[in-house]
Amino acid sequence: MAEYLIYFNQQWVGDHTEEWFRGRGPLAAAVVDEIKAAGAYVFAGGLEEDGPVFSADATSGTLRFTDGPYVETKEWLGGLTVVDVADEETARMWAGKIAEACGWPQEVRRFGHMPQPADEAAGHSQLAL
């Protein structure tokens with residue numbers, strides 16, 4: 001099994017009426033329920049547009065926290081779903097269902113995992129951050 005991140009940038013959503021968005025919510029919730037029923041659900045959620053946003057940066061050797069996005073951009077993560085599935089084909093299927101339910105594109109990436117002590121002892125390295 002592998003975990004896949006299915007996500008969208010807020011700018012991909014487009015301009016729609018409140019009524020349109022209210023109609024999409026139940027469709028997206030139904031797909032999440034379907035993912036849960038299939039045993040593939042890890043996590044799903046949308047990010048608050050007006051919630052706190054801050055960055056942590058230690059590249060200078062001193063940890064600094066700053067308010068707002070670190071990079072000035074018009075793109076930001078709008079929401080995400082994490083599924084644990086047997087293969088890429090299944091991840092594509094769930095991404096397609098989410099895209100249809102939400103009405104905007106989704107991007108999919110497979111997670112790389114930190115090596116566990118048993119993996120390191122066996123000479124396996126899967127670190128892909």
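This report walks through the nonpolar core, one buried strand residue and a surface patch of a predicted model.

## The nonpolar core

Let's start on the inside. The largest nonpolar core has 17 residues, and Ile35, Val83, Val85 and Trp94 are the ones that touch the most other members. Four elements each give two or more residues to this core: the strands β1 (2-9) and β5 (77-85), plus the helices α1 (18-37) and α2 (88-102). The top contributor is α2, which gives six residues.

A grouping like this fits a general habit: in soluble globular proteins, nonpolar side chains tend to be buried together.

## Ile35 and Thr81

Now zoom in on Ile35. If you skip its neighbours within four places in sequence, Ile35 is in contact with Ala40, Tyr41, Thr81, Val83, Trp94 and Ile98.

One of those partners, Thr81, sits in strand β5. Is Thr81 buried or exposed? Thr81 has a relative accessible area of 7%, and buried means under 20%, so Thr81 counts as buried. Again skipping neighbours within four places in sequence, Thr81 is in contact with Tyr4, Leu5, Ile6, Ile35, Phe43, Ala44 and Ile98.

## A nonpolar patch on the surface

Let's head outside. Which residues form a nonpolar patch on the surface? They are Phe54, Leu63 and Phe65, and together they have about 370 Å² of accessible area.

Take Leu63 from that patch. You'll find Leu63 in the loop between β3 (54-57) and β4 (64-67). Its relative accessible area is 52%, and exposed means over 50%, so Leu63 counts as exposed.

Methods:
Residues numbered from 1 in each chain as written. Predicted model: local features only at pLDDT ≥ 70, side-chain atom pairs only at ≥ 80, totals over all residues. Heavy atoms only, no water. Patch = residues over 30% accessible without salt bridge, like charges linked within 9 Å, V, L, I, M, F, W, Y side chains within 5 Å. Areas by Shrake-Rupley, 256 points an atom, 1.4 Å probe, with all protein chains shown as cover. Salt bridge = Lys/Arg side-chain N within 4 Å of Asp/Glu carboxyl O. Buried < 20%, exposed > 50% of the residue type's maximum accessible area, 1.4 Å probe, protein only. Core = buried A, V, L, I, M, F, W, Y, C linked by side-chain atoms within 4.5 Å. Contact = heavy atoms within 4.5 Å.
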